[in-house]
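Student: Could we go through the metal sites of this protein together? I should like to begin with how the donors are arranged along the chain.

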Amino acid sequence: MTAFVKYQPYLPKDRVINLTLPDLLVCTICDGIAWLPVACKNCEKPFCLPCIETWKTQREDLITCPHDCSEFIQRTCPPSIIHILNTLQVTCRYKTNGCAETLSYNNLEKHEKGCGYRLMTCSGCDEKIVQKEFQEHESNCALVSLTCKECKSVYQRHQQDEHTEITCLRVQLHQLRDRMTQKEKDYNEKQHALESQVNDLNQILAQIR
Ligand SMILES: [Zn+2]
Ligand SMILES: [Zn+2]
Ligand SMILES: [Zn+2]
Ligand SMILES: [Zn+2]
Ligand SMILES: [Zn+2]
């Protein structure tokens, strides 16, 4: 049996600013506040759904409760615990990026999914930028790739000036030439095939005469 590895709680206790009754609300698997809580039918202790799922996959035949009940039977989290959870005031997980919001437990997920301080990676310079400044950054970043609408050449924004109208026309001319060459090759192949068919027919005709 593999040992259960504790992992980072989704909601660490120190993000709650009005934590009362921690014994009732903490998931003993991750030591954080129970997140997406479910409970043990026997002892009614809440656990994070992801924590208990991992716990279950690491037990073999008999799934015991992390609180030593002989068998773990999952139930929904008791409404009394949900009620207390919903009174918690929690700081946003992106506080270190600058988000000053405090949210109630039940509004936390929605806020964090759309929080303007979550980090996004710029496709050009690979830097992490907070979401609310991301568009502004990407539309100015010198390393972002641009595609010329006319000739489909790809270059970084700082090379934009080098892609002058003449350069662009030259590229298009090359593309046109390549296409012509290809067409010519196709045409010659077809011509050749036709000629050999005519030859074959002539031979057959000669035999008939
Ligand atoms: Zn947990
Ligand atoms: Zn239990
Ligand atoms: Zn936030
Ligand atoms: Zn960038
Ligand atoms: Zn171009």
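**Zinc sites**

Tutor: In this predicted model, the donors of the zinc ion (ligand 2) are spaced along the chain as C-x2-C-x21-C-x3-C.

Student: Which residues coordinate the zinc ion (ligand 2)?

Tutor: Coordination comes from the SG atoms of Cys40, Cys43, Cys65 and Cys69, at 2.2 to 2.3 Å.

Student: And what is the arrangement of the four donor atoms?

Tutor: The arrangement is tetrahedral, because the angles subtended by the four donor atoms are 104 to 114°. For four tetrahedral donors, the ideal angle at a metal is 109.5 degrees.

Student: Is Cys40 buried or exposed?

Tutor: Cys40 is buried, with a relative accessible area of 0%. Cys43, by contrast, is partly exposed at 31%, since that category lies between the 20% and 50% cut-offs.

Student: Turning to the zinc ion (ligand 5), what are its protein donors?

Tutor: They are Cys148 (SG), Cys151 (SG), His163 (NE2) and Cys168 (SG), lying 2.1 to 2.3 Å from the ion. Their spacing along the chain is C-x2-C-x11-H-x4-C.

Student: Where in the chain do Cys148 and His163 lie?

Tutor: Cys148 is in the loop between β10 (145-147) and β11 (154-156), and His163 is in the loop between β11 and α6 (165-208). The two residues are 15 residues apart, and the pair links distant parts of the chain.

Student: Why is the arrangement around the zinc ion (ligand 5) called tetrahedral?

Tutor: Its four donor atoms subtend angles of 103 to 115°, and the criterion requires all angles to lie between 85 and 135 degrees.

Student: How accessible is Cys148?

Tutor: Cys148 counts as buried at 8% relative accessibility. His163, at 16%, also counts as buried, because the cut-off is under 20%.

How values were computed:
Residues numbered from 1 in each chain as written. Chains lettered and ligands numbered in written order. Predicted model: local features only at pLDDT ≥ 70, side-chain atom pairs only at ≥ 80, totals over all residues. Heavy atoms only, no water. Donors = N, O, S within 2.8 Å, 3.2 Å for Na, K, Ca; no water. Tetrahedral: all angles 85-135°; square planar, octahedral: opposite > 155°, others 65-115°. Buried < 20%, exposed > 50% of the residue type's maximum accessible area, 1.4 Å probe, protein only. Helix = DSSP H or I, 4+ residues; strand = E, 2+ residues; numbered from the N terminus.
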